[in-house]
Amino acid sequence: MSTDSQADAGVSLSVDPSELLRAARRIVVKVGSSLVTNEGRGLDEAAIEQWSAQLATLVKSGRELIMVSSGAIAEGMKRLGWKTRPKMINELQAAAAVGQMGLVQMYETKLREQEVGSAQVLLTHADLADRERYLNARSTLLTLLEHGVVPVINENDTVVNDEIKFGDNDTLGALVANLVDADLLVILTDQKGLYSADPRKNPNAEFIHVARAGDPRLEDMAGGAGSRVGTGGMITKILAAKRAAGSGASTVIAWGREPDALLRLSSGEPIGTLLIAQTPKQQARKQWMADQLQLRGHVTVDEGAADKIVAEGKSLLPIGMVAVSGEFSRGDVIAIRNAQGQELARGLANYSAGEARLLCRKSTNAVEGLLGYAAEPEMIHRDNLVLRG
Ligand SMILES: Nc1ncnc2c1ncn2[C@@H]1O[C@H](COP(=O)(O)OP(=O)(O)O)[C@@H](O)[C@H]1O
Ligand SMILES: N[C@@H](CCC(=O)OP(=O)(O)O)C(=O)O
């Protein structure tokens with residue numbers, strides 16, 4: 001890793017950091033409670049306006065941006081007049097419900113002033129662990145991005161308890177980066193980035209400019225939250241970077257008050273700490289697919305579809321399916337086989353086995369008539385498909 005005073009010769013970071021930053025098209029930005037709420041004093045309108053203006057500029061330049069914003073509990077506490085953070089989970093949930101109103105209202109107003117649409121998305125751990133809901137969340141977010149809308153995401157605090165919540169939005173940011181195959185996760189916080197020790201406790205701590213995401217030495221450097229309102233501290237950011245790297249996304253940890261941080265990062269300026277993912281995106285997604293639960297079934301395709309999938313990297317459309325085997329639900333991993341029974345690919349099914357049987361040999365525009373609704377035109381989208389062999 002590379003610090004202010006020394007470059008670690010044992011680590012080779014094969015990528016050019018500026019190039020990596022400039023090339024990032026799909027970016028998840030996470031901002032922490034202490035920044036969003038001015039250390040609990042109330043929503044920082046000027047800061048949200050600044051970030052929104054930068055998000056808008058980046059969207060208009062053709063990039064896709066997702067905001068994961070904390071601050072609901074801190075803002076709710078302020079609105080309810082609570083001076084200390086309650087211990088009871090139901091009170092935290094109530095505060096989050098109150099605060100979330102103000103939070104999204106502020107983002108909506110600031111992004112609209114920039115003529116950019118926004119959408120509120122509240123997620124829980126269970127949503128991303130459930131295969132069908134995972135696919136639905138992915139599909140919704142990708143559709144929003146396609147339309148140039150900025151999703152503003154927070155944890156759905158109302159329905160979670162201690163056992164099943166993400167607990168901190170750094171983890172949520174990483175899971176969202178995994179969900180949408182983001183290129184970059186930017187975690188904005190109240191420090192300039194990662195130091196070799198908590199700078200609030202150790203004034204001699206050295207700044208880390210760049211390192212490998214997942215380097216275990218980083219975990220020893222990171223301590224817990226330093227502020228009254230933040231929850232995760234640096235350790236959850238380090239672990240988030242490791243998780244994001246699982247789908248090939250690199251992570252930047254930077255100071256949220258750094259002027260034009262998002263714009264400068266996108267133009268390749270190395271601000272903050274860059275934690276570089278070691279596995280390229282495509283390969284990481286293949287690994288992810290390979291790690292999924294056992295196959296739930298398979299579809300047999302005709303020669304034309306087999307060709308499109310294998311030679312041209314296209315999606316599987318219902319018209320190319322000739323038979324369906326097994327019982328599976330939307331979101332399950334299934335195999336695609338040719339008429340000789342050879343497995344060509346694996347992917348996430350957009351339709352259940354029962355639905356797929358009805359769709360065999362049917363054109364995409366017949367889907368709605370046959371099922372009464374249409375989720376997607378493809379049986380398996382090419383982004384959710386990995387070739388075998
Ligand atoms: N090695 C470290 N480098 C930088 N900050 C650290 C480190 N270890 C612990 N911290 C603390 O983590 C805090 C940021 O985390 P947190 O308070 O959860 O912020 P946020 O609300 O942005 O998630 C910093 O203010 C700092 O005190
Ligand atoms: N959902 C909670 C998130 C709390 C949280 O993780 O905060 P932080 O550690 O500041 O990112 C909220 O909005 O208050």
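**Figure 1. The largest nonpolar core of the predicted model.** This core comprises 80 residues. Within it, the residues with the most contacts are L55, L185 and V186. When its neighbours within four places in sequence are set aside, V186 is in contact with I27, V29, V252, A254, L262 and L265.

**Figure 2. A second, separate core.** This core has 26 residues. Among its members are M321, V324, Y351 and L385.

**Figure 3. The enclosed strand β8.** Strand β8 covers residues 250-255. Five of its six residues are buried, and the strand is therefore largely enclosed by the rest of the structure. In a regular strand, side chains alternate between the two faces of the sheet.

**Figure 4. The parallel pairing of β6 with β8.** Strand β6, formed by residues 184-189, runs parallel to β8. Six bridges join the two strands. One residue to locate in this view is L188, whose bridge partner in β8 is A254. A254 is also one of the residues in contact with V186.

**Figure 5. The antiparallel pairing of β8 with β9.** Strand β9 consists of residues 273-276 and runs antiparallel to β8. Three bridges join these strands. For T251, the bridge partner in β9 is L275.

**Figure 6. The span annotated in UniProt as "domain: PUA".** An unreviewed UniProt entry lists residues 297-368 under this name. In the model, the C-alpha atoms at the ends of the span lie 23 Å apart. Helix accounts for 26% of residues 297-368, and strand for 31%.

Conventions. Residues are numbered from 1 along each chain as its sequence is written. Chains are lettered from A and ligands numbered from 1 in the order in which they are written. This is a predicted model: local features need pLDDT of at least 70, side-chain atom pairs count only at pLDDT 80 or more; totals for chains, interfaces and linings use all residues. A nonpolar core is a set of buried Ala, Val, Leu, Ile, Met, Phe, Trp, Tyr and Cys residues joined through C-beta atoms within 7 Å. A residue is buried if 20 or more other C-beta atoms lie within 10 Å of its own, exposed if 12 or fewer, and partly exposed in between; C-beta atoms are placed from the backbone. Two residues are in contact if their C-beta atoms, placed from the backbone, lie within 7 Å. Helices (H or I, at least four residues) and strands (E, at least two) are DSSP runs, numbered from the N terminus. Two strands pair if DSSP finds at least two bridges between them. UniProt positions are given in the numbering used here, feature names are shortened, and annotations may be inferred rather than shown by experiment.
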